[in-house]
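Hi everyone, thanks for making time this morning. I'd like to walk you through one structure, starting from a single side chain and working outwards. Let me put it up on the screen.

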Amino acid sequence: MRRWWHPAIWAPAVVALLVLAVVWQLVAARLVERGQTYLLPLPADVVAELVGSPGTYLSDAWTTLSTALLGVLLGGVLAAVLAVLLSEVPLLARAILPLAVVLNTTPVVAFAPALVVAFGFGRTPKVLVTAVVVFFPVLVTLLQGLRAAPPDALMVLRSLRASRAEVLLRLRLPSALPALFTALRVVLPLSVVGAVVAEFVAAGSSSGLGTLITTSAANYQLAPVYAAIIVLAVMGVALLGVVVAVERRVLARYAPGRR
Amino acid sequence: MITVRGLRRSYPGAAGRGAVGGRVDGRVDGRFDAIAGLDLHVPEGSFTSLIGPSGCGKSTLLRAVAGLEDPDDGEVLVCGRPPGVAAADKEIGLVPQTPALLPWLTVRSNVELPARVNRSADRRRQRAGGVAQRGDVVEVLREVGLGDALDRYPHELSGGMQQRVALARAVAMRPRVLLLDEPFSAVDEITREALRRQLLALWEHVRTTVIFVTHSVREAVVLSDTVVVMAGPPGRVVDVVDVGLPRPRAGADLGGAAMHAVEDRLRRELAAAWAGEHG
Ligand SMILES: Nc1ncnc2c1ncn2[C@@H]1O[C@H](COP(=O)(O)OP(=O)(O)OP(=O)(O)O)[C@@H](O)[C@H]1O
Ligand SMILES: [Mg+2]
């Protein structure tokens, strides 16, 4: 297997990034020359912004990240509990699942303003928005995973009259682990989107990268906006990286030979 | 020991599905009989094979005996009790077509799995006097030649080894009935022969009642006391053939006129059953 530190793995991405930076520099410089300073900041200004006040960006990033993670925790746990319930009670699944599938394809961030109205400008509505964003993908994916338990193994346990709880614990839940990680890979980056949108909507809140973006943009300061976007991108990549690393470890044991 | 009387099992099927091959199914309710009017008796401690064309209801019958399917008509008795009751006492061992091992458990833990679920069955058995001891996991694994693989994981084993683990898992709890659904169909011929010998060796000292589903006439004859030929759907028994070859057969070099006579008879009957469905 080729490792990430092998140049063949990271070199193309680095080159692409450099090309992007150069193009950005050229375009931004050209725009500044023509006096159009409100279209794109210079990369150097953005970097200076980041280096100039790393503390602000770190604390804002932490605000947004912790909101996102709390939302994942809340939405994920509730979705997992409901998924188990639905996999055990087919009637309930037939009642609720169509609704869940519809909501899964709805951009539920649209609930954000309503949740802000209902819960004010504190952290609660932001966590809730994130939880709502996370909920349906986790529910739908996990339910698929719980139902994907291998039928022959299921048959063996049934022939022993294993209880439902035993089948769940010893077969269904472990078999659903790959689905759980699939869900996490989708949902963790999505949770950052949820948190940022919630911060957009709850204007007047004091911190968070989303807040930083809206307040800076309102003052025509583009450098902080782009700096915040870069921090968000790094955050998303880092989250994904953590999930993939944990997934690799766990699935090596629970679903070996899958890749 | 195992008695099946007038068993019928139907599935909600597409209309006209029973009419495949020009044979018209008499049913009007859109259901499809996988098994109808099936009678079977398997004596205690005997080894019986089920053989018949694909789709004739062998797996369905096996599931019914394991208490995994409720009959629409007729009855199934295992040790004189409904299969569900026997299953609740963990008296039925099942070896499905795929090994169905849990990838996150070692070989040993996979074989211990039956002991870890439905523990009230074991408590009942103990209270009733603790007669038949549950088998020893390590010992059974040794007997199927996996004494060195106890701590390995299923994906580190060959298909034949995995199937032996599945066999050990079913046998380790000393079930009174052992049901095997084409357990050796996914391995090569040489491995398959080795697996047969191991199954025979194991059975010759465990002596449970066995129903073994297979597509191989040779396999049925080599292993069984009795071969049941089925046709269908709807599944039914068309003949019961006593093999009558001497035992023990595990080490013996089988062959000879007697065996070929039985094989020839079975082949003719299978051909007839097959032609009945497709001709
Ligand atoms: N759950 C089910 N729903 C609908 N039809 C079924 C179901 N299970 C089995 N059948 C039908 O019942 C018939 C008997 O199936 P079964 O699996 O018992 O056959 P089989 O003899 O084991 O075949 P094979 O040798 O291919 O394994 C088939 O026509 C099959 O399509
Ligand atoms: Mg079958």
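Let's begin with T214(B), whose side chain reaches the backbone nitrogen of S216(B) at 2.9 Å. Before going on, please keep in mind that this is a predicted model. T214(B) sits in the loop between strand 7 (209-213) and helix 8 (217-223) of chain B. Is T214(B) buried or exposed? At 1% relative accessibility, T214(B) counts as buried. Leaving out residues up to four places away in sequence, T214(B) touches L50(B), I51(B), G52(B), K58(B), E182(B), R192(B), E219(B) and A220(B).

Helix 8 brings me to the salt bridges. As a general point, side chains of opposite charge can pair when their charged atoms come close. How many salt bridges does a search of the whole structure find? Over all chains, the search finds 24.

I've picked out a few in chain B. In one of them, R218(B) pairs with E263(B), with the closest N and O atoms 2.6 Å apart. R218(B) is in helix 8 and E263(B) in helix 9 (residues 256-278) of chain B, so this pair ties together parts that are 45 residues apart in sequence. The two partners are placed like this: R218(B) is partly exposed at a relative accessible area of 33%, while E263(B) is buried at 3%.

Helix 9 also takes part in another salt bridge, where the side chains of D239(B) and R265(B) meet at 2.8 Å, N to O. Here D239(B) belongs to strand 9 (residues 236-242) and R265(B) to helix 9 of chain B, so to speak distant parts of the chain, 26 residues apart. D239(B) counts as buried at 17% relative accessibility, and R265(B) as partly exposed at 34%. Elsewhere, R9(B), R63(B), E69(B) and D72(B) are joined into one network by salt bridges that share partners.

One more pair before we move on: R124(B) forms a salt bridge with D89(B), and the closest N and O atoms are 2.9 Å apart. R124(B) lies in helix 4 of chain B and D89(B) in the loop between helix 2 and strand 5, so the pair ties together parts 35 residues apart in sequence. R124(B) is partly exposed, with a relative accessible area of 35%, whereas D89(B) is buried, with 16%.

Now for the interface. Chain B and chain A bury about 2000 Å² between them, and 68% of that is on carbon and sulfur atoms. L68(B), W104(B) and V117(B) supply 31% of the area that chain B buries against chain A, more than any other three residues. The contact takes 27 residues from chain B and 18 from chain A.

How many salt bridges does the rule find across this interface? It finds zero between chain B and chain A. There are, however, six residue pairs in polar contact across the interface. On the chain B side, helix 2 (83-88), strand 5 (92-95) and helix 3 (107-116) are the elements that give two or more residues. By class, that side has 16 nonpolar, six polar and five charged residues.

A residue from helix 3 makes a good example: L113(B) lies in that helix. L113(B) is buried, with a relative accessible area of 4%. Its contacts, not counting residues up to four places away in sequence, are L157(A), R170(A) and L102(B).

Two backbone details are worth a look on either side of helix 3. A100(B), in the loop between strand 5 and helix 3 of chain B, has a positive phi of about 55° although it is not a glycine. N118(B), in the loop between helix 3 and helix 4 (119-127), has a positive phi of about 45° and is not a glycine either. A100(B) is buried at a relative accessible area of 12%, and N118(B) is buried at 8%.

Finally, the cores. The largest nonpolar core has 52 residues, and those with the most contacts inside it include Y57(A), V138(A) and V192(A). Helix 6 of chain A gives the most to this core, with ten residues. V192(A) touches A68(A), L232(A), M235(A) and L239(A), again leaving out residues up to four places away in sequence. A second, separate core has 49 residues, among them V107(B), A149(B), V221(B) and L223(B).

That's my tour, and I'm happy to take questions.

Methods:
Residues numbered from 1 in each chain as written. Chains lettered and ligands numbered in written order. Predicted model: local features only at pLDDT ≥ 70, side-chain atom pairs only at ≥ 80, totals over all residues. Heavy atoms only, no water. Core = buried A, V, L, I, M, F, W, Y, C linked by side-chain atoms within 4.5 Å. Buried < 20%, exposed > 50% of the residue type's maximum accessible area, 1.4 Å probe, protein only. Helix = DSSP H or I, 4+ residues; strand = E, 2+ residues; numbered from the N terminus. Contact = heavy atoms within 4.5 Å. Buried area = accessible area lost by both parts, 1.4 Å probe. Salt bridge = Lys/Arg side-chain N within 4 Å of Asp/Glu carboxyl O. Polar contact = N/O pair within 3.5 Å; in protein donor to acceptor, adjacent residues only side chain to side chain. Nonpolar A, V, L, I, M, F, W, Y, C, P; charged D, E, K, R; others polar.
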